Amino acid sequence: MELFYVLMFGALTVVVAALELSKTGKDRMNTSSAFNAFKNNYILVYSLMMAGDWLQGPYVYYLYSQYGFGKGDIGQLFIAGFGSSMLFGTIVGSLADKQGRKRACVTYCIAYILSCITKHSPEYKVLMLGRILGGIATSLLFSAFESWLVAEHNKRGFEQQWLSITFSKAIFLGNGLVAIVSGLFGNLLVDTLGFGPVSPFDAAACFLAIGMAIIMSSWSENYGDPSENKDLLAQFKAAAVAIASDEKIALLGAIQSLFEGSMYTFVFLWTPALSPNEEEIPHGFIFATFMLASMLGSSIASRLLARSSPKVESYMQIVFFLIAPSKVKGGSISFSGCILVVGFCAFEACVGIFWPSMMKMRSQYIPEEARSTIMNFFRIPLNIFVCVVLYNVDAFPMTVMFGMCSIFLFVAAVLQRRLMMIAESQKPKPQDWTALERTTEAEPLHI
């Protein structure tokens, strides 16, 4: 293993530890024991869910390549996953508001476990089925769990500000520490113990099964829209009206799509970017380094969210602007390769800031009655963008692909500034969901 990777990992570890140990009273909030028990239960489940996801991340591209598929075929498999998330995942995710968020979370576990099982087959059609199941699961992961948390938090009467604690801790552990351990554990399974590139998927299925058991035994059910007779189409229409009638919600959706589109493009391209000539690289260790950088970002976010100033709408525009102008060139671990790894780590740090901050803004602006539905609406343009990028992955040089990501991030910075200006000019108002329902029933939808 290259010494640079070890030094980078060590340096990030020191910085994250220093940030966490230097927290003062201003960086923390006093909470109740009931809330702490609730928060810890959710974080445990969320961490297990993310372990199931992160164990797979570094080895998806690698496994497909080991089965003999080229970059174009692998791109098609990735397209199937994002297309499934857009088509089927949006419908399944939206059913969470009507049929129950707990059921949706259990559905996520089942779909992802089945997706892991398909990885044992080198048959393209079976792998395609696995990507479709994975796409559905991804939509549920990034909508149903957050929707359940916000609804349950409010139902139990906890203070609204405490939500930011759960968000930042969940990202710090689930998207940080758990991701690091998952990367190192995957590296142990594949490289050290020699169990092969499919072994992380088997381990992921085990963690997902444990998490599902905890959900079924300790979580209560909650719902979004309380109406008995509204069908799924009417629910979609009401959610679309909410987005079209409230600029803050529309801006959140655009910002999320632009950022996550760039992030998922990075997920697909970082392996070929660091090994342009198919050099052997320690996938799990590099992935763990990226997640440590993300952990650094979430640690910074927890400090920012615990304070009344600066507002989340304000500092997020700086986050997008800082990472937008980056230029990327492929290379091995030469000097240019080292610069590339540092740039990727900087991006991952911004990802760590993005997630809890976006969750906080969504909890403020998205109506509870259709939270999962609206959040899955946000993923439609995201999935379209990623599918277009992956479909044309062989048509453009890697610098062009990353350049497009830079443009989208710059646009996200501009939109975030617009959101900040709106937030400063008016106080957030709760959505009148009943009025939106009457609107969709009385006249056809025009957006």
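Helices are DSSP runs (H or I) of at least four residues, numbered from the N terminus. The views below show a predicted model.

**View 1. A nonpolar surface patch that includes leucine 188 of helix 8.** Leucine 188 is placed in helix 8, which spans residues 163–192. With a relative accessibility of 34%, leucine 188 falls in the partly exposed class. Together with Leu177, Val181, Phe185, Leu193 and Phe195, Leu188 makes up a nonpolar patch on the surface. The accessible area of these residues together is about 520 Å². Leucine 188 can count towards such a patch because its 34% relative accessibility passes the cut-off of over 30%.

**View 2. Leucine 184 of helix 8 beside phenylalanine 285.** Leucine 184 also belongs to helix 8. Its relative accessible area is 34%, so leucine 184 is classed as partly exposed. In sequence, leucine 184 and phenylalanine 285 are separated by 101 residues. In space, the C-alpha atoms of leucine 184 and phenylalanine 285 are 5.8 Å apart.

**View 3. The largest cavity and its lining.** The model contains three cavities of 30 Å³ or more. The largest cavity encloses about 670 Å³ of space. Its lining consists of 35 residues, of which Asp53, Gly57, Tyr112, Tyr264 and Val267 are the closest to the centre. Several helices each supply at least two residues of this lining, namely helix 2 (33–54), helix 4 (71–99), helix 5 (101–118), helix 6 (124–141), helix 11, helix 12 (283–306) and helix 14 (335–365). Rolling a probe the size of a water molecule over the atoms shows where such empty space is left.

**View 4. Phenylalanine 268 of helix 11 and proline 58.** Helix 11 covers residues 247–274 and contains phenylalanine 268. Phenylalanine 268 has a relative accessible area of 1% and is therefore buried. Phenylalanine 268 lies 210 residues from proline 58 in sequence. The C-alpha to C-alpha distance between phenylalanine 268 and proline 58 is 9.7 Å. Helix 11 is also one of the helices that supply at least two residues of the lining of the largest cavity.

**View 5. Glycine 83 of helix 4 and arginine 131.** Glycine 83 is located in helix 4. Its relative accessibility is 14%, so glycine 83 counts as buried. Glycine 83 and arginine 131 are 48 residues apart in sequence, and their C-alpha atoms are 9.4 Å apart in space. Helix 4 (71–99) is among the helices that supply at least two residues of the lining of the largest cavity.

**View 6. A salt-bridge network that includes residues of helix 7.** There are six salt bridges in the model. In one salt bridge, the side chains of glutamate 152 and lysine 155 meet with an N to O distance of 3.3 Å. Glutamate 152 and lysine 155 are about one helical turn apart because they are three residues apart in helix 7 (residues 144–155). Glutamate 152 is buried, at 2% relative accessible area, whereas lysine 155 is exposed, at 52%. Salt bridges link Glu152, Lys155 and Arg156 in a network. Side chains of opposite charge can pair when their charged atoms come close.

**View 7. Salt bridges of aspartate 246 and glutamate 247.** Aspartate 246 pairs with lysine 248 in a salt bridge whose closest N and O atoms are 3.4 Å apart. Aspartate 246 and lysine 248 are both buried. Glutamate 247 forms a salt bridge with arginine 418, with 2.9 Å between the closest N and O atoms. This pair links distant parts of the chain, with glutamate 247 in helix 11 and arginine 418 in helix 16 (residues 398–425), 171 residues apart. Glutamate 247 is partly exposed at 39% relative accessibility, and arginine 418 is partly exposed at 37%.

**View 8. Cysteines in a structure without disulfides.** The model has zero disulfides. Cysteine 109 takes part in no disulfide, and the nearest cysteine sulfur, that of cysteine 105, is 7.5 Å away. A disulfide requires sulfur atoms within 2.5 Å. Cysteine 109 is buried, with a relative accessible area of 0%. Cysteine 405 is likewise buried, with a relative accessible area of 6%.

Definitions and conventions. Residues numbered from 1 in each chain as written. Predicted model: local features only at pLDDT ≥ 70, side-chain atom pairs only at ≥ 80, totals over all residues. Heavy atoms only, no water. Patch = residues over 30% accessible without salt bridge, like charges linked within 9 Å, V, L, I, M, F, W, Y side chains within 5 Å. Areas by Shrake-Rupley, 256 points an atom, 1.4 Å probe, with all protein chains shown as cover. Salt bridge = Lys/Arg side-chain N within 4 Å of Asp/Glu carboxyl O. Buried < 20%, exposed > 50% of the residue type's maximum accessible area, 1.4 Å probe, protein only. 1 Å grid on protein atoms, 1.4 Å probe; cavity = no way out; pocket = protein on both sides within 12 Å on 5 of 7 lines; lining within 4 Å. Points joined across faces, edges and corners; volume = space filled by probe spheres on them.
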